[in-house]
Amino acid sequence: MNGISLEPPSLVFPPTYITNVSRFAVKVINNSKIIHHISFYTKSDKSEEENEEIKLDEFDINQRNRIIQPKFFQNDAFKIEPREFDLFPGSFNQVVVEFTPSVATQYEVTAYVQIDSQEKRVNFDMSGFGLPPSAHFSPDSIVVGHVNLDSILDYEVNFVNSGESSVDFTLEEKETSNKFVFSPTTGIIPIGGSVKFHIRLIAFSVGSFIETFTFRVRGALKELPTLTFTGKVIGPSFTISPHSINFGGVGYGFLHTKKLTIENKSEIPFDFKLRMSHDGTFEQREFQIAPEFGTVNKFGKIEVTIEFIP
């Protein structure tokens, strides 16, 4: 390397939380007796750079700027400063390398060191692992239990940042049998912070349910925080008494009357509609129900009259 050496010759960064920065200082040493010009590039040689230029449109102002600008090292996760300098005989210069991961994954990148105008560039390998943000709900599951149809229930949970980087979260939309309204649905939690979530459940579908909601966290690819609701929506409970009506022996053409009671045993108002079939052998009516339909309020009663003319 013409008397030029790098200490260390490669870098392995410690695991780093996304958006955080890890830094290393690298010594570039000139053991020769002449001045050398040092620069760090993204491509391994000039031919690679020229091949890339061919693909660019020189009539596009942004792409034209890329053609005329020096091709110094540039990367989203790794930064080298300075990228170009002169090194005098028997001296050294410190280069600061920064690692800033944006997603939780393994990073492996090579920068290429050019000494003066030599055609061959020297590899400088860098690697690091991005740690995901860490967050959890407290509690992370809610047992709703049995809830009446049309009930509206409100819950509060804490969303806690338990990692070493800020948490940028977004609720992942999903279809549910009942309606869940979250507030907030997006936000950023600083390190050591938490956010109180308000969740409203509107029960409009009878039956058991298990609903798990997932929150996307920027930079995290797996192990995303979730919040689960379990329970059962129950419909109205009612009784009809008596269960059967027997008019017994009755006179032909005379009006006979019986009554029954519909009683709502629950907190849920409900609508009803009664229907009775006729044998169709007589032109005159046989049975008359009043009322045939209506609403029974919670814990309420309605008396129904049944008239029979044989």
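**Notebook: aromatic rings and one open sheet**

I began with the aromatic side chains and found that Phe-137, Tyr-155, Phe-159, Phe-169, Phe-180, Phe-182, Phe-197, Phe-209, Phe-213, Phe-215 and Phe-229 form one aromatic cluster. I note here that the model is a predicted one, and I read every value below with that in mind.

Next I searched the whole structure for aromatic pairs, and the search returned 27 of them. I looked up two in detail, keeping in mind that a pair of aromatic rings is described by the distance of the centres and the angle of the planes.

The pair I took up to begin with is Phe-137 with Phe-215, which is tilted, with 5.1 Å from centre to centre and 55° between the planes. I then checked where the two residues sit in the chain: Phe-137 belongs to strand S11 (residues 135-138) and Phe-215 to strand S18 (residues 207-217), so that the pair links distant parts of the chain, 78 residues apart. Are these two rings buried or exposed? Phe-137 has a relative accessible area of 4% and therefore counts as buried, and Phe-215, at 0%, is buried as well.

I turned then to Phe-238 and Phe-270, another tilted pair, with 5.1 Å between the centres and 35° between the planes. This pair also links distant parts of the chain, since Phe-238 lies in strand S20 (residues 238-241) and Phe-270 in strand S22 (residues 270-273), 32 residues apart. Here I recorded that Phe-238 is partly exposed, with a relative accessible area of 43%, whereas Phe-270 is buried at 10%.

I also looked for charged groups over rings. The charged end of Lys-174 sits over the ring of Phe-213, at 5.4 Å from its centre, and Phe-213 is one of the residues in the aromatic cluster. Lys-27 lies over the face of Phe-92, at 4.4 Å from the ring centre.

My last entry concerns a sheet. I found four strands that form an open sheet in the order S1-S4-S8-S6, with antiparallel pairing. Which strands stand at its edges? They are strand S1 (4-7) and strand S6 (78-81), and because each has a single partner strand, one side of each is left without a neighbour in the sheet. I noted that neighbouring strands of this sheet are turned by 25° against each other on average, direction ignored. Looking closely at the S6 edge, I found that four bridges join S6 to strand S8 (residues 92-99), and that these two run antiparallel. I also noted that Lys-79 stands opposite Glu-98 in S8.

Key:
Residues numbered from 1 in each chain as written. Predicted model: local features only at pLDDT ≥ 70, side-chain atom pairs only at ≥ 80, totals over all residues. Heavy atoms only, no water. Phe/Tyr/Trp six-rings, centres within 6.5 Å; stacked < 30°, edge-to-face > 60°. Buried < 20%, exposed > 50% of the residue type's maximum accessible area, 1.4 Å probe, protein only. Lys NZ or Arg CZ within 6 Å of the ring centre and 35° of its normal. Pairing = 2+ DSSP bridges. Axes fitted to C-alpha atoms, helices over the stretch in contact; angles between N-to-C directions.
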